[in-house]
Amino acid sequence: MAKVEVTKKACAVNPLKMSQPIGGALAFMGVQGCMPLLHGSQGCTSFGLVLFVRHFKEAIPLQTTAMSEVATVLGGLENVEEAIVNIAKRAKPEVIGICSTGVTETKGDDVDGYIQLVRQRHPELDHMGIVYVSTPDFKDAFQDGWEKAVAKLIEVFVPKNDGPVQRAPQRVNVLPGCHLTPGDIDELRDIIEAFGLEPAFLPDLSGSLDGHLPEDFTPTTLGGTSRETMAAMGSAAWTIAVGEQMRLAATTLEKRTGVPFVLFDRLTGLAPNDELMGFLARISGRPVPTKLKRQRGQLVDAMLDGHFHFGGKNIAVGAEPDLLYAIGSWLTEMGAHLQAAVTTTHSPVLEKLAIDEVLIGDLEDLEIRGKGADLLMTHSHGRQASERLGVPLFRLGLPNFDRLGAGHELTVGYRGTRTLIFTVGNMFIAQTHEPNPDTWRQSEEDVHHFGGEAERELVQLAPVA
């Protein structure tokens with residue numbers, strides 16, 4: 001059982017953590033026809049916008065209330081109203097998702113009250129959904145903002161069931177954590193549909209940030225979960241939550257609709273995916289499809305092949321709690337040793353990691369604890385630490401801005417775990433010393449004679465007449 005400690009430093013020297021508002025904004029990007037709006041200064045939004053553009057290599061819809069110093073002191077009602085009206089006129093979104101920031105939270109803006117006033121003044125906006133979530137920068141982290149935004153979407157768009165409801169046994173709600181990529185969501189959809197079930201994801205980044213080319217330009221999100229889909233989530237048979245961070249959203253949905261949920265704290269590795277297959281087979285009444293059995297066999301073979309290269313390796317990991325737990329547990333199962341684990345915020349899963357200490361800190365802490373490791377695993381901001389330590393870097397999580405295909409990385413399911421084994425295992429193989437002719441060529445100084453006998457001199461033989 002790991003002990004969770006918090007760094008004693010006065011400030012983050014090389015930040016690992018990302019803020020709540022951009023976590024909430026990313027969740028809103030998984031809703032169809034949505035425009036995320038940060039209630040704060042332009043700088044707060046610009047940094048988040050640049051980060052997402054560099055990671056996904058896509059156009060990102062993100063707006064700001066552009067709070068100035070004066071507006072911050074006087075209150076942001078005018079800025080919020082102006083932003084909502086302008087976005088409604090120009091972008092015509094179906095949903096506006098508002099996230100607060102540190103500056104407006106410090107001032108104490110009553111954004112819920114602002115939205116009520118805007119509704120009274122502009123009845124022409126009644127058709128448009130407006131969701132507000134409190135996400136101050138100065139506390140918690142990225143996955144907390146995601147968690148709160150998803151729970152708020154459920155509160156706003158999923159109607160409350162006051163009586164018995166006829167449920168569709170084939171329908172399943174899926175609440176993915178922010179550590180799942182659009183590629184992961186696609187993989188989960190394929191797995192669930194293979195059992196004849198109909199999954200509804202909230203949020204669904206696979207529809208909006210999977211890199212497809214749209215037929216027409218739209219200033220809002222390209223795809224994602226529609227309002228109709230969210231409204232129908234109360235009639236599903238089950239909810240599957242992926243990641244401890246989704247417990248709040250799953251509980252909120254269960255309280256509103258009575259839909260029971262099952263939470264998988266990770267879907268990376270053999271055992272958790274076996275549990276998922278068993279659960280899907282039980283609720284669908286169907287056996288595990290042949291293709292998934294074959295994928296399981298391929299994963300077991302990959303584990304057999306890979307454990308020679310993972311065994312005894314020391315690895316330092318820095319990531320959000322759910323991602324750290326999923327990857328750290330999988331590495332331990334492969335025979336590797338967690339040398340260091342640094343994360344961003346508290347979570348119950350951290351104590352389950354196979355390491356003495358998990359530190360809530362920054363990349364400087366990871367660099368100090370990663371000396372002598374065989375591999376460093378964190379996002380792209382860890383590349384300088386990797387160079388200084390001379391330790392290879394496996395880019396993990398968000399942002400991953402100096403490589404292509406970050407949105408299609410796969411870490412869940414049998415196939416995702418197998419891909420991880422091959423990718424990380426190949427990095428270990430690349431570090432192995434390759435013998436060459438110089439390896440076997442020895443100089444005179446390197447020749448040693450054993451047994452205490454002096455080397456005999458060669459005798460030159462004279463020719464006999």
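These are my notebook entries on a predicted model of one protein chain.

**Entry 1: the whole chain**

I started with the overall picture. I counted 18 helices and 14 strands in the chain. I then looked up the box that the C-alpha atoms fill, and along the principal axes it comes to roughly 125 × 60 × 45 Å. How much of the chain is buried? I got 53% of the 465 residues.

**Entry 2: the UniProt record**

Next I checked the record. UniProt lists residues 19-427 as "domain: Nitrogenase/oxidoreductase component", and the entry is unreviewed. I noted that for myself, since annotations of this kind may be inferred rather than shown by experiment. Over residues 19-427, I found 46% helix and 16% strand. The C-alpha atoms at the two ends of that stretch are 31 Å apart.

**Entry 3: helix 7**

I picked helix 7 for a closer look. Helix 7 runs over residues 142-157, which makes 16 residues. From its first C-alpha to its last I read 23 Å, close to the 22 Å expected at 1.5 Å a residue.

Is helix 7 largely enclosed or largely open? Twelve of its 16 residues are buried, so helix 7 is largely enclosed by the rest of the structure. I wrote down the buried ones so I can find them again: F142, Q143, D144, G145, W146, E147, A149, V150, A151, L153, I154 and F157. I see charged residues on that list too, D144 and E147 among them.

**Entry 4: K9 and its partners**

Salt bridges were next. My search of the whole structure turned up 16 of them. I followed K9, which sits in the loop between strand 1 (3-6) and helix 1 (20-28).

- K9 and D362 meet through their side chains, 2.8 Å from N to O. D362 is in the loop between strand 12 (357-360) and helix 15 (363-369), and the two residues are 353 apart along the chain.
- K9 and E364 also meet in a salt bridge, at 2.6 Å from N to O. E364 belongs to helix 15, and this pair is 355 residues apart.
- K9 and D365 form a salt bridge as well, with their closest N and O atoms 3.5 Å apart. D365 lies in helix 15 and K9 in the loop between strand 1 and helix 1, so this pair ties together parts that are 356 residues apart in sequence.

Put together, K9, D362, E364 and D365 are linked in a network of salt bridges.

Which members of the network are buried, and which are partly exposed? I took them one at a time, with buried meaning under 20% relative accessible area. D362 has 2%, so I put it down as buried. D365 has 5% and counts as buried. E364 comes out as partly exposed, at 26%. K9 is partly exposed too, with 29%.

**Entry 5: the largest pocket**

Then I went looking for open spaces. The largest pocket holds about 490 Å³ of space. It has 33 lining residues, and those closest to its centre are T181, L323, L396, G397 and L398. Which elements give two or more residues to the lining? I found helix 2 (42-56), helix 8 (182-193), strand 14 (393-395) and helix 17 (413-431). Helix 17 has the largest share, with three residues. Sorted by class, the pocket lining has 17 nonpolar, twelve polar and four charged residues.

**Entry 6: the cavity**

I also asked how many cavities of 30 Å³ or more the structure holds. There is one. The largest cavity has a volume of about 50 Å³. Its lining is made up of H179, L180, R266, L267, T268, L323, A326, I327, T411 and V412. By class I sorted these into six nonpolar, three polar and one charged. L323 caught my eye, because I had already noted it: L323 lines this cavity, and L323 is also among the residues closest to the centre of the largest pocket.

**Entry 7: M233**

My last stop was M233, in the loop between helix 10 (227-231) and strand 8 (236-242). Is M233 buried or exposed? At 0% relative accessibility, M233 counts as buried. I also checked M233 against L202: they are 31 residues apart in sequence, and their C-alpha atoms are 9.5 Å apart in space.

Methods:
Residues are numbered from 1 along each chain as its sequence is written. This is a predicted model: local features need pLDDT of at least 70, side-chain atom pairs count only at pLDDT 80 or more; totals for chains, interfaces and linings use all residues. Side-chain values use heavy atoms; hydrogens and water are left out. On a 1 Å grid over the protein atoms alone, a cavity is a set of points where a 1.4 Å probe fits but cannot get out, and a pocket is an open set with protein on both sides within 12 Å along at least five of seven lines; lining residues have an atom within 4 Å of a point. Grid points are joined across faces, edges and corners, and a volume is the space filled by probe spheres set on the points. Helices (H or I, at least four residues) and strands (E, at least two) are DSSP runs, numbered from the N terminus. The expected span of a helix is 1.5 Å times one less than its number of residues. Buried means under 20% relative accessible area, exposed over 50%, partly exposed in between (1.4 Å probe, protein chains only). A salt bridge is a side-chain nitrogen of Lys or Arg within 4 Å of a carboxyl oxygen of Asp or Glu.
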